[in-house]
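Colleague: Could you take me through one part of this model in detail, and then carry on to the spaces that its neighbours line? I would like the cut-offs along the way.

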Amino acid sequence: MFLFLYAPIFVLIVFSFNDSKSNAVWGGFTLDWYAQLLENRTVLDALQTTLLVSILATLIATVAGTAAAIGFSSMRRRARTACLTVNNIPLTNADIITGVSMMLLFVFAGQVLADLSSWLNGLQWVEDANLWFDFEFNLGFVTLLIAHITFDIPYVILSVLPKIRQLDPNLAEAALDLGATPMTAFRKVVLPELMPGIINGALIAFTMSIDDFVISYFTAGSQVSTLSMVVYSMVRRRVSPEINALSTLMFVAVLALLIIINLRQARQEAARARDRRTAGRS
């Protein structure tokens with residue numbers, strides 16, 4: 001199974017150093033594709049847009065999803081079940097349905113705001129005051145970001161909720177009894193316990209956002225392109241070996257990030273184990 005999953009990635013990495021443009025014939029070792037990648041403005045602009053959208057969507061979705069998970073945990077059972085059912089709909093819904101529906105929503109909202117601007121600009125007092133309203137917006141970076149935040153939040157909620165269930169509610173109450181403010185108790189007692197779930201949710205949200213194509217395709221408009229959209233446009237002609245080089249760099253970056261996070265968690269677990277052993281001896 002691992003061979004089936006990682007063999008294509010290994011082949012991609014190997015052919016990113018291929019001196020030939022062919023993905024089937026080895027023509028020798030070269031680093032030219034990495035050098036040409038740094039000169040390809042189309043790919044670099046798409047990468048910049050993808051990373052910017054993914055990072056912003058991850059940060060906003062992590063904050064909103066964590067707050068929503070905390071709110072869900074304090075609800076009664078029926079209300080919590082209803083909210084979780086609504087939260088799970090984007091996860092099970094087809095991406096093309098989500099993408100088309102969000103595109104229609106943005107187009108409708110843009111038309112409504114354009115009509116509102118026209119109505120306001122036609123008022124006499126607006127003309128007398130030399131004012132001009134322009135609420136119209138089109139598909140672009142903002143709509144792409146909103147779409148990514150929307151489908152990232154459910155993943156964060158589902159990652160944080162198990163940590164909240166494992167949390168001892170007496171910890172926060174003890175902090176309040178010892179004189180801590182609600183914000184201090186949350187920041188120094190509750191948040192550190194939830195941090196593993198928050199980090200996992202952020203990683204999943206970032207991965208889903210940087211990997212998305214269908215929803216981005218329908219909500220980005222014609223002025224903004226993500227990396228997946230650029231690669232899709234190349235598929236109809238020929239995928240440049242520069243994409244192999246870029247994919248290799250992204251894979252190495254993600255692998256390094258995962259290794260760092262796993263090492264950090266291993267150190268924290270070892271430190272907690274030492275603390276427990278020390279407390280047991282005393």
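In which helix does Phe4 lie?

Modeller: Happy to! Phe4 lies in helix 1, which spans residues 2–15; helices here are DSSP runs of H or I with at least four residues, numbered from the N terminus. Before going on, please keep in mind that this is a predicted model, where local features need pLDDT of at least 70 and side-chain atom pairs count only at pLDDT 80 or more, while totals for chains, interfaces and linings use all residues. Residues are numbered from 1 along each chain as its sequence is written, and side-chain values use heavy atoms, leaving out hydrogens and water.

Phe4 is exposed, at 68% relative accessible area (exposed is over 50%, buried under 20%, partly exposed in between, with a 1.4 Å probe and protein chains only). Together with Met1, Phe2, Leu5 and Tyr6, Phe4 makes a nonpolar surface patch of about 690 Å². Such a patch joins nonpolar side chains (Val, Leu, Ile, Met, Phe, Trp, Tyr) within 5 Å, each residue having over 30% relative accessible area and no salt bridge; the areas are Shrake-Rupley values with a 1.4 Å probe.

Helix 1 also takes us to the largest pocket, which holds about 1000 Å³ of space. Of its 26 lining residues, Ile210, Ser247, Met250, Phe251 and Val254 are the closest to the centre. Helix 1, helix 3, helix 9, helix 11 (227–235) and helix 12 (241–281) each give two or more residues to this lining, and helix 12 has the largest share with eleven. By class, 21 of the lining residues are nonpolar, four are polar and one is charged (Ala, Val, Leu, Ile, Met, Phe, Trp, Tyr, Cys and Pro are nonpolar, Asp, Glu, Lys and Arg charged, and the others, Gly among them, polar). A pocket is an open set of points on a 1 Å grid over the protein atoms alone, with protein on both sides within 12 Å along at least five of seven lines; a cavity is a set where a 1.4 Å probe fits but cannot get out, and lining residues have an atom within 4 Å of a point. Points are joined across faces, edges and corners, and the volume is the space filled by probe spheres set on them.

Ile210 leads on to the largest cavity, where the lining consists of Thr50, Val53, Ser54, His148, Ser209, Ile210, Asp212, Ser216 and Thr226. The structure holds one cavity of 30 Å³ or more, and the largest has about 40 Å³ of space. Helix 3 (41–73) and helix 9 (182–211) each supply at least two lining residues, with helix 3 giving the largest share, three. This lining has two nonpolar, six polar and one charged residues.

Thr50 belongs to helix 3 and is buried, at 4% relative accessible area. Its C-alpha is 8.1 Å from that of Ser225, although the two residues are 175 apart in sequence.

Helix 3 also holds both Arg41 and Asp45, four residues apart, about one turn of the helix. These two form a salt bridge, their closest N and O atoms being 3.0 Å apart; the rule asks for a Lys or Arg side-chain nitrogen within 4 Å of an Asp or Glu carboxyl oxygen, and the count comes to one. Asp45 is partly exposed, at 35% relative accessible area.

Note on methods
Patch = residues over 30% accessible without salt bridge, like charges linked within 9 Å, V, L, I, M, F, W, Y side chains within 5 Å.
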